[in-house]
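Reader: I would like a close look at a single part of this model, with enough of its surroundings to place it. Please take one helix as the starting point and work outward from there.

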Amino acid sequence: MIRKRSMLGMAVLVVVCLSIPLSNALAQKDENYLTYRQKVMAGIGANWAATGVSLKNNLPSKANIGVHAEAIHNASKLIAGAFKKEITEGKTDAKPDIWQDWQKFADAAKKLGEESGKLVEVAESGDMEALGAQVKATGKACGDCHKPFRKPKEERFKR
Ligand code: HEC
């Protein structure tokens with residue numbers, strides 16, 4: 001009787017032990033998704049910041065803006081895939097509205113693709129006035145997605 005019970009105890013223990021790493025692995029997977037989508041966005045952010053500093057200070061050359069715009073254009077194609085999985089818990093500043101209004105979110109990503117694509121062309125043309133206007137239009141594409149879909153500053157998680 002005692003033996004039977006301890007066997008059962010062992011079996012329960014084994015099941016418990018097996019399920020701990022499994023649930024950790026699942027949780028970590030979500031974490032990896034979050035990291036990936038945030039890295040995609042951080043890359044866009046870095047190229048955007050480089051565009052700004054280049055435009056204002058001619059650093060190192062305004063011609064570089066076209067390259068940064070191209071990087072943003074390319075990364076914009078990754079946004080929909082990076083956010084496809086609905087993860088609203090944990091270290092994320094994404095609003096649940098993304099998955100309630102997926103088409104609007106996907107359209108906002110597409111819009112960034114269009115505006116940054118135009119920015120590539122304008123930067124190559126060397127028309128500085130048009131360049132300023134197109135930088136503004138591209139910045140608006142960021143804001144038009146962040147406003148409905150990214151938490152406001154005061155609600156963001158801190159790293
Ligand atoms: C289609 C929607 C969308 C567009 C367009 C968009 N963003 Fe984002 N961005 C988000 C969301 C959502 C988050 C929050 C992600 C999270 O925390 O999981 C985010 C987060 C960020 C972050 C923080 C990344 C990090 O390290 O956590 C930066 C920087 C950023 N965006 C910059 C930009 C810039 C610059 C543009 C335009 C050139 C832009 N974004 C366009 C949706 C968008």
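Author: A good place to begin is helix α4, whose buried residues are covered by elements that include α2, α3 and α5. The structure is a predicted model, and what follows should be read in that light. The buried residues of α4 are Phe105, Ala108, Ala109, Leu112, Glu115, Ser116, Leu119, Val120, Val122 and Ala123. The helix itself has 24 residues and reaches 35 Å from its first C-alpha to its last, which is close to the 34 Å expected at 1.5 Å a residue. Just after α4 comes glycine 126, which takes a positive phi of about 80°.

One of the elements covering α4 is α5, and this helix can be described in the same terms. With 22 residues, α5 reaches 32 Å between its first and last C-alpha, close to the 32 Å expected at 1.5 Å a residue. Its buried residues are Leu131, Gln134, Val135, Thr138, Ala141, Cys142, Cys145 and Phe149. Seen down the axis of α5, these buried residues fall within an arc of 110°, so they line one face of the helix. On the other side of α5, the exposed residues are Glu129, Gly132, Lys136, Gly143 and Lys147.

Both helices also take part in the surroundings of the ligand. In total, 24 residues surround the ligand, and the closest are Gly45, Trp48, Asp93, Cys142 and Cys145. The elements that give two or more residues to this shell are α1 (2–57), α2 (64–83), α4 (102–125) and α5 (128–149). Cys142 and Cys145, listed among the buried residues of α5, are thus also among the residues closest to the ligand. The largest share of the shell, eight residues, comes from α1. Sorted by class, the shell has 16 nonpolar, five polar and three charged residues.

Since α1 supplies that largest share, the confidence assigned to α1 deserves attention. Among the elements of the protein chain, α1 has the lowest mean pLDDT, 77, whereas helix α3 (residues 97–100) has the highest, 98. For the protein chain as a whole the mean pLDDT is 88, and 82% of the residues reach 70 or more. As a general caution, where pLDDT is low, the predicted coordinates should not be read in detail.

Within α1, arginine 37 offers a specific point to examine. Arginine 37 counts as buried because it has 20 C-beta neighbours inside 10 Å. Setting aside residues up to four places away in sequence, arginine 37 touches Ala82 and Phe83. The C-alpha atoms of arginine 37 and leucine 78 are separated by 8.7 Å, although these two residues are 41 residues apart along the chain.

The loop between α1 and α2 holds asparagine 58, which has a positive phi of about 55° although it is not a glycine. Most residues other than glycine have a negative phi. Asparagine 58 counts as exposed because it has 10 C-beta neighbours inside 10 Å.

To set these parts in the whole, the secondary structure of the protein chain comes to five helices and zero strands, following the pattern α-α-α-α-α along the sequence. Of its 159 residues, 21% count as buried. Among contacts between residues at least 6 apart in sequence, 70% join residues at least 24 apart.

Technical notes. Residues numbered from 1 in each chain as written. Predicted model: local features only at pLDDT ≥ 70, side-chain atom pairs only at ≥ 80, totals over all residues. Near = placed C-beta within 6 Å. Helix = DSSP H or I, 4+ residues; strand = E, 2+ residues; numbered from the N terminus. Nonpolar A, V, L, I, M, F, W, Y, C, P; charged D, E, K, R; others polar. pLDDT = per-residue confidence, 0-100. Expected span 1.5 Å × (residues − 1). Buried ≥ 20, exposed ≤ 12 C-beta atoms within 10 Å, placed from the backbone. Arc of directions from axis to C-beta. Contact = placed C-beta atoms within 7 Å.
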